[in-house]
Amino acid sequence: MADGGPIEPGVKTLDRVRPTLPASWYYDPAHYARELEAIWYRDWLCVGRAEALPRTGDFTVVSVGTQSVVVTRSAEDAFEAFHNTCRHRGARLCRTDAGRFRNGRVICPYHTWTYALDGSLVATPGRFETDDFDAANYTLYKVHVDTWRGFVFVNLAETPASTLPEFLGSETDALRNWPLESMRSVHQEIIPLACNWKIFWENYNECYHCPRVHPELCKVMPVYREGVFDAADLPGWQPAYDGDKGFGTVGNGAETWTLSGKKALPVIDGLTAREIEDGIAFASFTAAMFVVGHPDYVRSVCVLPTGPESIELTVDWFLPAEFEPDEDDVKSITELPMLVMQQDGEVCELNQRGVHCLQHEQGVLMPQEYRCGDSTNTFAQGSGWTRRNSGAPIVASRLQPRHDLFRARNLRQSPSGLKLGVTFAAKRISPIAQVAENSFNMPPAIPGTDME
Ligand code: FES
Ligand SMILES: [Fe+2]
């Protein structure tokens, strides 16, 4: 195959190396703008949990690229989403990241045009009457919204290419026995990372780094010590039972993803013996989120880009609603994932800093990084650049000249001279993601060269 095929049928690893995406795609603002249009303004994006908006009129504001979106509960079982922009002269409607629209009314802070929760314009106080004004022409700009098992998604496309169920696809099957809709978030972390969103997903999509970066996790997941996710990627792998797909599972006597490998909490009702024994089930919905089911808890990670070189993760830990965890319970299920995310965050940020090298036009994928190949091709195609079709790397001449980018970067260097290291700075925020507005227009953090 032109871009690297499998070693043998059933084995997914590549039989030859292949190039990564061009280095500039990980920091070029123009390419980021293309990706916003092609991917982030077209795909379904997870913006939180239904339970975080319990009352009619509760709202949250989410930033996606340059766009600010308001999501509100419009009725007991319904949500509405609209752009955070007034139809009069375009002022921002919401000045806070979360709150409640009192009396079911969205009131613009500028000239007090007033909208119902469905977006219809219901009052224009102080407006002089004219014959040509029809309020029906000035409803809020709608954004598509839908839910999946308690998660709220939006889609900024005028006409989404797929429904939410179509977008999620069969990946949801892996978690069908976990009672996601009735589970409750018992802990949330908002994690800003100074890396391009593709670097985050590429790191997620390979375990080549696991033996060195995640020694604690490798004790729980022995297959990761081999630098692969799945046992089926190892040479000579044979199914151990009927239906064995060789997915990576816990081992060495481990039961779940905790530092000790042991469950500290009760097994969730409804799981099969196989699901309990495997100890882990992944469902990935690139680029919006992934969800991980364990026998005793569930973790979700939602991803939103905040700039060409920055993302924000919203991470939730879920337990069955009837379970009232104490501090030790929460600690038992959060400490290993937090450690792993911190380790991943650090290498993602190192990766981001390194790709700025003037001589680094492109990296190279090793055989076990085959999922990165899949994802980078998807990203390339999604953003309108086709490498798979030609079988050849994108040529540098199609990209912004590197010296221009270098100059632009220098202009954006922090004037404070602060040493910018890994920015993993998790903090608890509830009930739903708090995302800085207008982050697209902020200069991205440009890491210095000092190592911590
Ligand atoms: S801009 Fe909103 S009422 Fe004038
Ligand atoms: Fe990792």
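Is helix α3 (residues 197-204) largely enclosed by the rest of the structure or largely open, and how many of its eight residues are buried? Here are some friendly notes on this predicted model, starting with that helix.

1. **Helix α3 and its burial.** Six of the eight residues of α3 are buried, so the helix is largely enclosed by the rest of the structure. The buried ones are Trp197, Lys198, Ile199, Phe200, Trp201 and Glu202. You may like to colour these on your screen before going on to the next point, where Ile199 and Phe200 return as part of a helix contact.

2. **How α3 meets α7.** Two packed helices are described by the angle between their axes and the distance between the axes. For α3 and helix α7 (residues 327-354), the angle is about 130° and the axes are 10 Å apart. That makes α3 oblique to α7, and the crossing is right-handed. On the α3 side the contact is made by Ile199, Phe200 and Asn203, and on the α7 side by Asp344, Val347, Cys348, Asn351 and Gln352. Sorted by class, this contact has four nonpolar, three polar and one charged residues.

3. **The chain as a whole.** Stepping back, the chain has 452 residues, of which 38% are buried. Its secondary structure comes to nine helices and 17 strands. If you take the contacts between residues at least 6 apart in sequence, 67% of them join residues at least 24 apart.

4. **The seven-stranded sheet.** Which strand order should you look for? Reading across this open sheet, the order is β2-β11-β10-β5-β4-β3-β6, and the pairing is antiparallel. The edges are held by β2 (44-49) and β6 (98-100); each has a single partner strand, so one side of each is left without a neighbour in the sheet. On average, neighbouring strands here are turned by 30° against each other, direction ignored.

5. **One pair within that sheet.** Strand β3 (residues 58-64) pairs with strand β4 (residues 67-75) in the antiparallel sense, over six bridges. To find the register, start from Val64, which stands opposite Gln67 in β4.

6. **Cys86.** This residue belongs to the loop between β5 (78-83) and β6. Is Cys86 buried or exposed? Cys86 has 23 other C-beta atoms within 10 Å; the cut-off for a buried residue is 20 or more, so Cys86 is buried. Not counting residues up to four places away in sequence, Cys86 touches Ala91, Leu93, Cys108, Tyr110 and Trp113. Cys86 and His111 are 25 residues apart along the chain, and their C-alpha atoms are separated by 9.8 Å.

7. **Gly246.** A second buried loop residue is Gly246, with 20 other C-beta atoms within 10 Å. Gly246 lies in the loop between α5 (215-220) and α6 (273-278). Leaving out residues up to four places away in sequence, Gly246 touches Asp230, Ala231, Ala232, Trp237 and Pro239. From Gly246 to Phe229 the separation is 17 residues in sequence and 9.3 Å in space, C-alpha to C-alpha.

8. **Pro160.** The loop between β11 and α2 (164-168) holds Pro160, which is partly exposed, with 17 other C-beta atoms within 10 Å. Apart from its neighbours within four places in sequence, Pro160 is in contact with His144 and Asn155. Pro160 and His144 are 16 residues apart in sequence, and 8.0 Å separates them in space, C-alpha to C-alpha.

9. **Backbone details to check.** Most residues other than glycine have a negative phi, and most peptide bonds are trans. Three places in this model deserve a look with that in mind. Asn103, in the loop between β6 and β7 (105-107), has a positive phi near 55°; Asn103 is exposed, with 9 other C-beta atoms within 10 Å. Arg149, in the loop between β10 (142-148) and β11 (151-155), has a positive phi of about 50° although it is not a glycine. Arg149 is partly exposed, with 17 other C-beta atoms within 10 Å. Lastly, the peptide bond from Thr286 to Ala287 is cis, with omega near 0°, and Ala287 sits in the loop between β13 (281-285) and β14 (289-293).

Definitions and conventions: Residues are numbered from 1 along each chain as its sequence is written. Chains are lettered from A and ligands numbered from 1 in the order in which they are written. This is a predicted model: local features need pLDDT of at least 70, side-chain atom pairs count only at pLDDT 80 or more; totals for chains, interfaces and linings use all residues. A residue is buried if 20 or more other C-beta atoms lie within 10 Å of its own, exposed if 12 or fewer, and partly exposed in between; C-beta atoms are placed from the backbone. Helices (H or I, at least four residues) and strands (E, at least two) are DSSP runs, numbered from the N terminus. Two residues are in contact if their C-beta atoms, placed from the backbone, lie within 7 Å. Axes are lines fitted to C-alpha atoms, for helices over the stretch in contact, and angles run from 0 to 180 degrees between N-to-C directions. Angles under 35 degrees count as roughly parallel, over 145 as roughly antiparallel, 65 to 115 as roughly perpendicular and the rest as oblique. A crossing is left-handed if the near helix is turned anticlockwise from the far one by less than a right angle, and right-handed if clockwise. Ala, Val, Leu, Ile, Met, Phe, Trp, Tyr, Cys and Pro count as nonpolar, Asp, Glu, Lys and Arg as charged, and the others, Gly among them, as polar. Two strands pair if DSSP finds at least two bridges between them.
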